[in-house]
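Hi everyone, thanks for coming. Please have the sequence and the model open in front of you while I talk.

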Amino acid sequence: MVTNSLPARHNTGPITWQQELATAFTEPAALLQALGLDPAQLPDGGLEALRKSAALFPLRVPASFVRRMRYGDFNDPLLRQVLPLGQEQLQQAGFSADPLEEAAARLAPGLLQKYPGRALLVTTGACAVHCRYCFRREYDYGADSDSEQGGRWEAALAALTADPSIEELILSGGDPLALGNARLASLVQRAAQLPQLKRLRLHTRTPIVLPSRVDAGLLALLAACPLQVIVVVHANHAAEIDEEVTASLKALRATGAHLLNQSVLLAGVNDDATALAELSQALFAADTLPYYLFLLDRVNGTGHFEVPEAQAQSLMRELNGRLPGYLVPRLVREIPGMPGKTPVSIGVALS
Ligand SMILES: *Cc1c(COP(=O)(O)O)cnc(C)c1O
Ligand code: SF4
């Protein structure tokens, strides 16, 4: 008998991360309904405006992340990171499609080098979540889709082989954990064969937004990697780090990987010293150290997230006075053409 329905065990057992991704929220109305929110209460245009902004950069948020949001609160800091507000349609002076001028940093299709000693591979354009402030929201992944060549990344690996000065390969995207374990394992194995490579870094938000992605296969492939592994996750608010995320991060740490976090300073999300202090503490409780706190990249449609530099400096002074040094992230911004992220000096706190 031919049937289209899944065997019963697939319907009743715990769902896989792939199923969680496939059932992520993509409709603004469904997301608001799940949170008990009435779109008529939105300040700028209601559901129609949300749909228009979602047409510019699609809404995508896994149910696991939505469960960490406060019910009935438009100002929830997690919701604000993913909800396509009408404000995204504003054209603002100083904001552009490629503020980081990444197109100029291409060594090979999908391979960017901006800084000495390390290169970044765009492994996929996909992410488990779409963050509204993302600097890659306008990145032309289509132009890099030929970098993959059926999962073999030949041109990029050839460019790395030809440059012995590159000691660290950063797997980025999109999000490298949007790839399945088989493709990731083959890429990691290829990287491990490059004689000069010492470190492999993953830049990923997936362990935060979809902790079930940290499965046994992923842990095994990282544990087996002969290179030193660094996993840089991306969380912006302590409420993102629930028990399941903490367990996933601790499992990653147990493979021997070093865990760091980068955040973006975002108005209405984490632009307050208490929120930043709680984030650092929640990260450390999950074996993860704060690394960078980025000032917003000025990409089109993100102006409502910008925190003025003077306010960022004052927040950092307050944080510096509250936390041990290892829990204070470095405030940086990205300036095209600079040899690394540019530190923003915060001055001294006078009490
Ligand atoms: C941010 C970035 C890196 C990593 O910089 P670190 O300071 O080493 O964390 C590397 N390559 C590119 C292209 C980047 O944008
Ligand atoms: S996960 Fe990272 S790359 Fe993907 S949308 Fe969010 S910020 Fe951008």
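I'll walk through the pockets, the two ligands, one cavity and a couple of backbone details.

First, some housekeeping: this is a predicted model, where local features need pLDDT of at least 70, side-chain atom pairs count only at pLDDT 80 or more, and totals for chains, interfaces and linings use all residues. Residues are numbered from 1 along each chain as its sequence is written, chains are lettered from A and ligands numbered from 1 in the order written, and side-chain values use heavy atoms, with hydrogens and water left out.

Let's start with empty space. Rolling a probe the size of a water molecule over the atoms shows where empty space is left. The search here runs on a 1 Å grid over the protein atoms alone: a cavity is a set of points where a 1.4 Å probe fits but cannot get out, while a pocket is an open set with protein on both sides within 12 Å along at least five of seven lines. Lining residues have an atom within 4 Å of a point. Points are joined across faces, edges and corners, and a volume is the space filled by probe spheres set on them.

The largest pocket comes to about 880 Å³. It is lined by 45 residues, and those closest to its centre are Phe-135, Arg-136, Ser-172, His-203 and Gln-262. Strands giving two or more residues to this lining include β4 (168–172), β5 (199–203), β6 (228–234) and β7 (258–264); here strands are DSSP runs of E, at least two residues, and helices are runs of H or I, at least four, numbered from the N terminus. β2 gives the most, with four residues. By class, the lining has 22 nonpolar, 12 polar and 11 charged residues. For that split, Ala, Val, Leu, Ile, Met, Phe, Trp, Tyr, Cys and Pro are nonpolar, Asp, Glu, Lys and Arg are charged, and the others, Gly among them, are polar.

So, what sits in the largest pocket? Ligand 1 does, and ligand 2 takes up space in the largest pocket too; the test is that more than half of a molecule's atoms lie within 2 Å of the grid points.

Around ligand 1 you'll find Lys-114, Tyr-115, Arg-118, Leu-120, Ile-170, Arg-201, Tyr-291, Tyr-292, Glu-334 and Lys-341, counting a residue if one of its heavy atoms lies within 4 Å. That shell has five nonpolar, no polar and five charged residues. β2 (111–115), β3 (118–122) and β8 (289–294) each supply at least two of them.

Now the polar contacts, meaning a pair of N or O atoms within 3.5 Å. A polar side-chain atom of Arg-201 is 2.7 Å from an oxygen of ligand 1. For Lys-341 the distance to a ligand 1 oxygen is 3.1 Å, and for Lys-114 it is 3.3 Å. Taken alone, ligand 1 exposes 390 Å², and the protein buries 94% of that, by the Shrake-Rupley method with a 1.4 Å probe.

Which residues surround ligand 2? They are Cys-127, Val-129, Cys-131, Cys-134, Gly-174, Arg-205 and His-234. The split there is four nonpolar, two polar and one charged.

Keep Gly-174 in view, please. A cis peptide bond joins Gly-173 and Gly-174, with omega about 15°. Gly-174 lies in the loop between β4 and α8 (181–192).

On to the second largest pocket, at about 200 Å³. Of its 13 lining residues, Leu-295, Leu-296, Arg-298, Glu-306 and Arg-333 lie nearest the centre. The lining has seven nonpolar, no polar and six charged residues.

There is also one cavity of 30 Å³ or more, with a volume of about 60 Å³. Its lining includes Asn-261, Ser-263, Leu-276 and Tyr-292, and that Tyr-292 is also in the shell of ligand 1. The largest share, four residues, comes from α12, which spans 273–285. The cavity lining has eight nonpolar, three polar and no charged residues.

One last backbone detail: Asp-287 has a positive phi of about 65° although it is not a glycine. You'll find Asp-287 in the loop between α12 and β8.

Technical notes
A polar contact is a pair of N or O atoms within 3.5 Å; within protein, one must be able to donate a hydrogen and the other to accept it, and residues adjacent in sequence count only if both atoms are side-chain atoms.
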